Structures are given as structure tokens and as C-alpha cells.
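Open the model in your viewer and keep the sequence panel beside it. We will go from one selection to the next, with a short look at each stop.

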Amino acid sequence: MNRVLAIHRGGSWNARWIEHCQDHGIPHRVVDCFASDIMVQLRDCWGLMWLFRHTDPQEMLLAQSVLNSAAAAGLRVFPDHRTCWHYDDKLAQKYLFEALGLPAPPAWAFFDRRSALDFVAGCPLPIVAKLRRGAGSYNVRLLRSRSAARRYVRRMFGRGFSPMPALLADAGNKLRVAAAGGRWKGIVARLRKAPRFFRMVLRGRQIFGREKGYAYFQKFLPGNSCDIRISVVGSRAWGFRRVVRKNDFRASGSGVIDYDRSQIPLELVAESFRATDALGMQSACYDWVRDPDLGYRFVEVSMGFVDQAVRDCDGYWDRELTWRAGHVYPSIAVLEDMLAAAAIGGRSTAACGAAGPNGSPA
């Protein structure tokens, strides 16, 4: 095949794909999917890869249109429609999980103020309120009282909330994580990222509208000291535990990760494979927590996740739940799956397991 693989510039996964193609002689082209003539640029390409970011409002505005259009023209794309149409949309995921009978916590959505107020007048407390968009737990609230729930409903059917975090959101926790073990370099690195974070927040507040006109609630699952994150790409599944923040109920963003695989129930790995197949996703990440009444449930799914955190696992499970030792970047596993599906030659570094310190073959 003489055609090339197009990869959008920008973002850590995209950069790793480009580096891998360069290192392994894989024909590729770096493109800017924001170019007005992007469809013309893709005419001699067999595929397009662009892991777009929920924190970038312009990427959220454009990415699915470009990817779906490229797929309509016959290109293989990542992420494809089934993988990304519900990305960063908790309302869409609620209906999708219910339609497919997937093990998610009970959830309720209301689109008029009266119905929402009637619900919170009698629902079990505490209850979790979530905005449709947003990750990293910024837009998740635990409502402990009826008065707090009523105030939340009135706000959601009034001026609403910005989906972007506050400028100093979770700053204390981020600095504590960066300083763990006396790592001053971690604090310096975090402070250097602050201006970019501030620009992202300000830009998002300008472009993203406020979330309002609905109320979304999810059953609170008490007694969890951690969640279990299972990431799936094709025939590979990685797992680790994330410790819940101190004096909080959320694990997302805590920065405390336990990589002891003996603490990961294999039934969750198998269930994550089954859920990914049902959803038809090329890449999926699940956060599992235990419901005292129903057993393990996953609270949401995402097509993208922190590549390095998963790569730090010392192996992955295959679909027979056999452990395969070796550090593998999930982003490279995605690329290898794309190449295999397109019958492109080249050694499969993701499938072979062992990798060097930078994710390259050992």
C-alpha cells in the first residue's frame, strides 16, 4: 500500500504516534486537522488518527466532524464514531449504558426544574451530582442534604455552572502529589505547567457555554477507599487502583496509584473486555467502584487516558486473562491495531509486550 497514515499534530498520544512512525519507518504524514482543506490533504491517506482532548473547546467542536467525514470517505480512523460519540458526555453515557445493560450505577436525568425538585425531595442521600462534561472530578459534587440538592437544582435551571475548573481548582492536592517523597522537581514541574493550565481554563470559559437546563444524578457508592481503573485496547487490558483523596469521596485526581495487580479482581478485567466489545470501542477506560448492593459498577467510560500512568503497569492481561509482562504504551497499542487492521507491515511492538524505558522495543 503506497498511501500514508495521517496523524494530527498536538497532544501526547499524537506525538507518540508520530515518534513511533518515524522510528519504525512507517509511512505517515503530520497534518493540521484545523486546516480548511484538510479533506483534500487526506485524499492519498489510508487512515487518520487524532486523539482530541476534552479540555480543548476547539478540538471538541471540530474533531468528530473531521473524523466522521474521513471515515465516510473510506479512511480508517481513530477514534471512530462508536469510540468517541459519547466522549465527555455523561448524559449520553447514561442512556447508552442502560440500553446495553452495562454495570453502571443507577442514574437519573431531569430536563425540567419541577421534576428535578420532586426527585431530590425523596431521593436517598447523599447523592452525586455531575455535569454532562468535564473530567478529573472537577464537575462532580456530593450533595449531603435536601437543601443542598435543591440549591443545586435551582442553579442548574438558572445560571448553571461553567464546565471548566476554577483557576486554582485542586491546587493544594496537586502540589501535595507533586511533592510526595520530597520531590521538589515535581513541584517545579507542576508550577511550570500552571500558565498553560490557566490559558486552557480561560479559553474554555470563553468558548464553552455554561452547563444548565438539566440535572444529572448518580447513586452514591459509600465505603470505597479506592477505585479500580481498567484500560482496554484491543486484546490488552491494564489495571491499577487509585486511592481516594483524603477527606473526600473521589479517587480521580488524587495522584496516588497502586500498581499491585494482585489487588485487581480478574472478573473486572473480563467485564471490561465485555463492555468494550458491547460499546464497540477501539480504546476504553473504566473506573470501577463497589456498590454495597449491586457489586462492582463502573461510573463512566473514556476513550483516552493518561498514557504514561498505564505504561507504568508492568504488563497487561490478554483476552484469556493471561498476564503478559512488559511495559507498553496504550497509545502504541492503538497504533499497532490500526496498522494490523490496514494490513500494514512492520513489527508489532505492542503485541510483543516487552518494551524499553521509553516504550520502544527492549
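A polar contact here is a pair of N or O atoms within 3.5 Å, where, within protein, one atom must be able to donate a hydrogen and the other to accept it. Keep that in mind for the side chains of Arg 132 and Glu 211, which are joined by a polar contact of 3.3 Å. Please also remember that this is a predicted model.

**The whole chain**

Start with a cartoon view. The chain contains 13 helices and 15 strands. Of its 362 residues, 49% are buried. If you take the contacts between residues at least 6 apart in sequence, 65% of them join residues at least 24 apart.

**Select Arg 132**

You will find Arg 132 in the loop that runs between strand S6 (127–130) and strand S7 (140–143). Is Arg 132 buried or exposed? Its relative accessibility is 23%, so Arg 132 counts as partly exposed, since the class in between runs from 20% to 50%. Now show what surrounds it: beyond the neighbours within four places in sequence, Arg 132 is in contact with Asp 88, Asp 89, Lys 90, Leu 91, Glu 211 and Tyr 214. Add Ala 215 as well: its C-alpha lies 9.0 Å from that of Arg 132, although the two are 83 residues apart in sequence.

**Select Glu 211**

Move across the polar contact to Glu 211, which sits in the loop between helix H9 (184–207) and strand S8 (215–219). Glu 211 has a relative accessible area of 5% and is therefore buried, the cut-off being under 20%. Which other side chain does Glu 211 make a polar contact with? Display Arg 133: its side chain is 3.4 Å away in a polar contact with that of Glu 211. Setting aside neighbours within four places in sequence, the contacts of Glu 211 include Leu 131, Met 156, Gly 160, Phe 161 and Pro 163.

**Select H1 and H12**

For the last stop, colour helix H1 (residues 12–23) and helix H12 (residues 330–341), which pack at an angle of about 60 degrees with their axes 9 Å apart. That angle makes H1 oblique to H12. Their crossing is right-handed. To see the contact, show Trp 13, Arg 16, Trp 17, His 20 and Cys 21 on H1, together with Ser 331, Ile 332, Val 334, Leu 335 and Glu 336 on H12. Coloured by class, this contact has six nonpolar, two polar and two charged residues.

Conventions
Residues numbered from 1 in each chain as written. Predicted model: local features only at pLDDT ≥ 70, side-chain atom pairs only at ≥ 80, totals over all residues. Heavy atoms only, no water. Axes fitted to C-alpha atoms, helices over the stretch in contact; angles between N-to-C directions. Helix = DSSP H or I, 4+ residues; strand = E, 2+ residues; numbered from the N terminus. Parallel < 35°, antiparallel > 145°, perpendicular 65-115°, else oblique. Left-handed = near helix turned anticlockwise from the far one by under 90°. Contact = heavy atoms within 4.5 Å. Nonpolar A, V, L, I, M, F, W, Y, C, P; charged D, E, K, R; others polar. Buried < 20%, exposed > 50% of the residue type's maximum accessible area, 1.4 Å probe, protein only.
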